[in-house]
Each structure stands twice: as C-alpha cells, then as structure tokens.
Amino acid sequence: MSRLKILTEHIDKPEITGIEGYIKHGGYRAVEKALKKMQPDEVTEEVKKSGLRGRGGAGFPTGMKWSFIFKGNDKPRYLLCNADESEPGTFKDRLLMEKIPHLLIEGMIASSFALGVKTAYIYIRGEYMYILHILQKAIDEAYAKGYLGENILGTTYSLDLHVHPGGGAYICGEETALIESLEGKRGNPRIKPPFPAVEGLWGCPTIVNNVETICKVPFIINEGGETYANIGIGASTGTKLISACGNINKPGVYEIELGVPVEEFIYSDEYCGGIKGGKQLKALVPGGSSVPILPNRLITKTAKGEPRLMSYESLSDGGFPTGSMLGSGGFIVFDEDQCIVRNTWNFSRFYHHESCGQCSPCREGTGWMEKILHRMEYGHGRMEDIDLLWDVQRKIEGNTICPFGDASAWPVAAAIRHFRDEFEWHVLHPAEATRRNYGMGRSAEPIEQVTA
Amino acid sequence: MPKVTIDNITIDVPPGTTILNAARMIGENVPPAMCYYSKLKGSGGKCRVCLVKVTKTSEQNPRGMPKLVASCVTQIADGMVVENITSPEVVEARKGVVELLLINHPLDCPVCDQAGECHLQDLSYEHGAATTRYDFGRRTFNKIDIGPYIQLHMTRCILCYRCVYTADQLTDGRVHGIINRGDAAEISTYIENIIDNDFSGNVIDVCPVGALTDRTFRFKSRVWFTKPMNAHRNCDKCSGKVTLWFQGEEVLRVTGRKDQYGEVEEFICNTCRFETKKKSDWVVEGHRRIDTHSVIAQNHLPYELDVVHPQIEQAQ
C-alpha cells in the first residue's frame, strides 16, 4: 500500500541532491510562491492553519511559535535550524540533509521570509561533518541560482544562510544552549524567560526550529495549510519521520502519516517488518532515549484499552504514567532477550556524560544514577538501591534549568515503574546478571567501589 | 506596585523584583542562595537551592506554575502567591538539592578555612538531611595556588559560577573559567596562567564555600577567634571601605564589607586586601555588626547566660 509522502517522495532519486534535480521534481516552487505572491504574515497563517507541530521532540505548534517573534524593535531577527540531532535512537534529520538538502534550504528561505529574517543559520551536529559539506555545496548552488543572497528572484527580499558545526555536545540541541554555542560560548542552556523569540541570538528575536519542521514548510506553502491539516489525526497533523531501530527486521527511517497504529508500524512489512527472529516484543521506546519506556502490555493498547496510535496524544496517554511520548521519533524496539536494567544504565551513562554541569541536580544526580545502575548491572546491587534510584530521579525531574534533567530522569523512572521485577532479579541473582554476555563483551569500565 | 504573597505574608514591591528579593524585603524565611549574587549581573538560577512553589502566577492567571521555580531569577507578577517553607514539596526538593550538592563537597568544616562563614554549611544545617545515601567514591583534587594570593581547592567547589562572573565583570582579561562538563566540570585557569589583577581578590569574597581562599590568611586563625572591625583608607582604585579581622592588635585579614546575605557591599582592590595589613594603614571606624546567630559572634558580643535556679533552692 502506497502512502502519502511529503518529505521522502523523491528521496531515492539520485539527482535530487543537486539543485537541478531538485528543481526538476518541483523544488523551489514554494519560494517562488511565497516571495512573489504572498505576504510574510500569510505564510505564518498557512503554517498556523496546518497545525504543524515542532518535530524536534517537544511538539509545540510551529505557527504559534512564529507568531511569538518580537517585532517591537529594530533589531535583526534570526532563524536557526536545529540540526544537532544527538538523541540516541534518533537519526531522521540526517536523512533529509544528506539526501535532499535543498528541501531544507527551501524551507529555510520560506520560513525566513515569513519571519522577516535576513540572516539564518543551520546549526549542525559536529559529528555530521560530512553532511555539512553536502549542505554547504547545496547552499552554494542556491546562491548561484539566485535563491539566496541579495534580491532573491528579483524581489526586494534578501537572505544569507550559513551552516555552522557544533562541537558534538548533546546539550547543544536545547535551543538556548544552541544559541549560546552559536555565539561562541560554552553550550550551557539559558534561563527562560526571556524566551528566544524575544531575546535570542546576540540578544535579538530568534526562532529555533528542527530540520524536519522546516522541511514541512514548502509543502504547506505549495498545497495550503488546510491540506496539511487534513493529513494525520486530531491535533497530530501531517506526517512524521520515524527512525526505527532495535530488534526489528527492517530498521530505517520511515515517513508515516500520524495516526498509524503502533502495532501496524511494528509488524507490517511496509515499516518495521516485525520482531527480529520471530521473538516476543518486550518493550518500546517510541520517541528517543529521553522518553519513558513502555512495557509490552502498553505498546499496542493504551491504558483505556484503545489501540495505541503513532500520534502525540495517543502515545502520551494524557500525561499519565501509562504513557510515553512521540518525542523526536526515535523508535527503539526491545525483544524478550533484552535487559532493561542494562539498557537503562546505558541511557543513564549517556546522560551522565552529556550533562552540561550548570545546575546542581543534573550535574550531580545523573552521575549518581549511572553509578547505581552500573553496580546493579554488575552484580553489586542492593534491594534498597531500587528505591534510592527512584528517589534520585525524583530529585532531578523538574528541578533543573532545562529539560535535560527530565530527559535523564524519565527513562529511569519508567524502567523502575514497569520493570521493577527485573531490577529485583538483578539484586537477587548477581552472579547470573554478571555472567550474561550480549555479544559485545564485558564493559571495560571498572565496577564502582562500594564503600558502605 | 505589584503585590506578592510569600508564605502568607503580602508585600508591595517595585516592578521587576524577583521572588528572592521580595522575600528579602519581607525578611522572614528568605530562600537560600548559593549562586545568586545581587552585585553580579547574570548570576543565579544554577544551584537550585532557592526553588519555590508558585501557587498563583498572577491576578490574570490564577493557575500555579507546573514546576518549582528558581526564586532568584523569577520575577514577580501582580497577585503572585508563593510558597517557600510552607510547601512540603519545596522543603523536600531543597533537601534533595542539598544532598546532591554535598556529593562532591565534603562537610569537613573543622578543617576548612571557610568554616563559620560558609553558606553551604548553613544550608546543610538548615535544609539538609542528617546522613548521606551516597556511597561511591568522591572526586578529589590537589590544591592549586592560582597566583600569589589565592588558593583553589576544587574538592570544595560547588560550581556556582560566582567567581567567573566576578572575574568577567570586575577585571580585565579574565583567565579562568569552567572546563569540562557534567560532574567532571571544574574551575580552571588558562594553561599555566595565574589570576593576577587588581581586583582578583574579590573571587574569594564571592565564593560561598571554601574553594577559593586567601593565601595570606589561610589557617592563620579561625574566624570566631578574630575581631571584625569596620575601617577605611584613601584608595585610588576602590572605595577603601573594608572589614579588618584583628587578632589582638594584628590585622590577620582584610575583606569587603558583607551584608546580611553574605554579599559584599563594595568590591575592594588587591592593594587594600592583601598589601595593607598594618593597623596604621587604616582608619578604624568601630565594631562590625555581626548577627548574634553567627558563629563569628561567639566570644565577641556581650551576653549573659541564663541563671539556673535549681528546684532544691525553691524547696527550702
């Protein structure tokens, strides 16, 4: 069954990476239409009508975010594209930037026009250096064709677009840390308010949008906001890129219409193709490593017994502990052989390493969680460690400057909530827990010293 | 003027006032602050010990804020209602933050030069737990002499950023900052650099713990054995208004004058702080007012012990 593809329709065509191939397949029509036939506010209105929500993870309505941009002073405004895709399990934006870079550039031009921006930046993850070269080449082509620079397409609108590599720190994906980093400072999140839409890059009004969000804008301009709003389900309009990985037969990046049942996404041949080796499905992380893990009983059905759908609302279960989040779309599937404790430790290890260290709960708490999980995984855990771990994550959640603290606490909280018996098994059977081999060999890290 | 209610006490405050400063105006149950420093622009919001609960955001928005907020950086709105120590959630969160802060800060007050003047010591006493649940190895560092006057002991640093802001805002050519990230972050200077400028000594005054100490005073005495006096001198670099810490007739230490929240009233230069340590260099104004609850007040303020009348006397 062929489904609607907004972003990936032409992605397999080799010529689409170059500007000629992109134009041949209908590229840059949105720029022509926006700049020659529309007013900036009309573009924003169309985006509002579309119901497009930010695809970086938070899901905030994009049109509303754009309307917050402060217009009360003469300061320049900036549009920043957040291409710092660093969440474990999330690898969707790189597909767009690697295969169809002009879609992002077209989206940046149209979005910048709507926001009255004269200079825009693509802040790209440091590890994506090879993609930076692809983007730079595409930007150069766009300048040569007159889509960027002075008086674009003979209109009065001018735009400069730069691509800027980060140093490879996960925290720089947080919008205010991204701004600090772009300003040449240490990538520490800022305290909000003031929000970037009022005081962002170099103290000027700034909008930060994810790659996928910006790539949706050309379609919305070409086809209209209402057409986009008719795709999807409820307030989850349009399509979403999902990067599926883990124990599935067909890992990869899929563009889905929001509202597809999770069960269908996992088991249909069109998408993940079922669990590898015909094993049982054990758990699911639907939106990247920072979102709560779901146990088997809550993957295909919500707590109310309704089919679980790939949408913001359905996956969140109304904010109850039985739900998770669509997040950035990093879809990680675990089969029956996977160890939740080990996985939680692995995630926790990442968050410990990536904490910026600016605020106390996150700086000290992430390390503490990792050490407790490490000793549980390596056979030194105690039964009270489970409650201690629960308590430590509670001390972090909600008490930090930026959402990083929540991102480090949620996976731990959900793992304990849904898989407490597995944590207890680790305490009760330390030798067996230590002996297991996952085909990766034992970690070379020393076991934490237990002093009490 | 906007009206704010903190722990059931209502006050009118100027627009733009933060919750913390409004609480300071009330003067009762002031949230603690380890990283906020009213004299330093941009400070605050990092240590998270001043978290409070906003149960009503404003008159227009009667809903509370979903999470606890840092009172030092949150501005009040008209009609705001705040719970500080009246909220069990705040007390619990603060206790948690103190526990986390003490992971990598030893409570070895008897051997710390800051004992008696340490904000974390007060904080852990007032808001902390009696014991720790952290049983892993803690990070330790060698002491580093950064320049002729200052010693850095990172073991005690809580990364409040105050010294970085001080160096940034008071001195030319800042040479120190924070390197690494997460719990590996540490205060460091540029390679083989020392902190050496006319106002560098102020980083000692702003440090809330004993991480940055005065090399000319370190372990010469305990503060409660010294006698603080206000003094001044003509100085072409700063106001010259200081506190002298006497032992007998000898000046052991010179610091800025601090207010009741431990913040210096005026930053002073290194000449006043380190190079003028004779009594004859100064015009001594009189005793420094010290809070009676402070350990520094011990042996200095006249007080009388309660007279105990044993029951046996009454029986006779």
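**Exercise 1. Determine which salt bridge Arg133(B) forms, and how many salt bridges the rule finds across the interface of chain B and chain A.**

Step 1. In this predicted model, the side chain of Arg133(B) meets that of Asp391(A) in a salt bridge, with 2.7 Å from N to O; the term requires a side-chain nitrogen of Lys or Arg within 4 Å of a carboxyl oxygen of Asp or Glu.

Step 2. Across the interface of chain B and chain A, the rule finds 6 salt bridges.

Local features need pLDDT of at least 70 and side-chain atom pairs count only at pLDDT 80 or more, whereas totals for chains, interfaces and linings use all residues. Side-chain values use heavy atoms, with hydrogens and water left out, residues are numbered from 1 along each chain as its sequence is written, and chains are lettered from A in the order in which they are written.

**Exercise 2. Describe the extent of the interface of chain B and chain A.**

Step 1. Counting contacts (heavy atoms within 4.5 Å), 33 residues of chain B touch 36 residues of chain A.

Step 2. About 3000 Å² is buried between the two chains, 51% of it on carbon and sulfur atoms, where buried area is the accessible area (1.4 Å probe) lost on putting two parts together, summed over both.

Step 3. Of the area that chain B buries against chain A, 26% comes from Leu100(B), Phe136(B) and Arg181(B), more than from any other three residues.

**Exercise 3. Identify the residues through which helix 3 of chain A meets helix 6 of chain A.**

Solution. Pro40(A), Val43(A) and Thr44(A) in helix 3 of chain A meet Ala110(A), Phe113(A) and Ala114(A) in helix 6 of chain A, the helices being DSSP runs (H or I, at least four residues) numbered from the N terminus.

How values were computed
Helix = DSSP H or I, 4+ residues; strand = E, 2+ residues; numbered from the N terminus.
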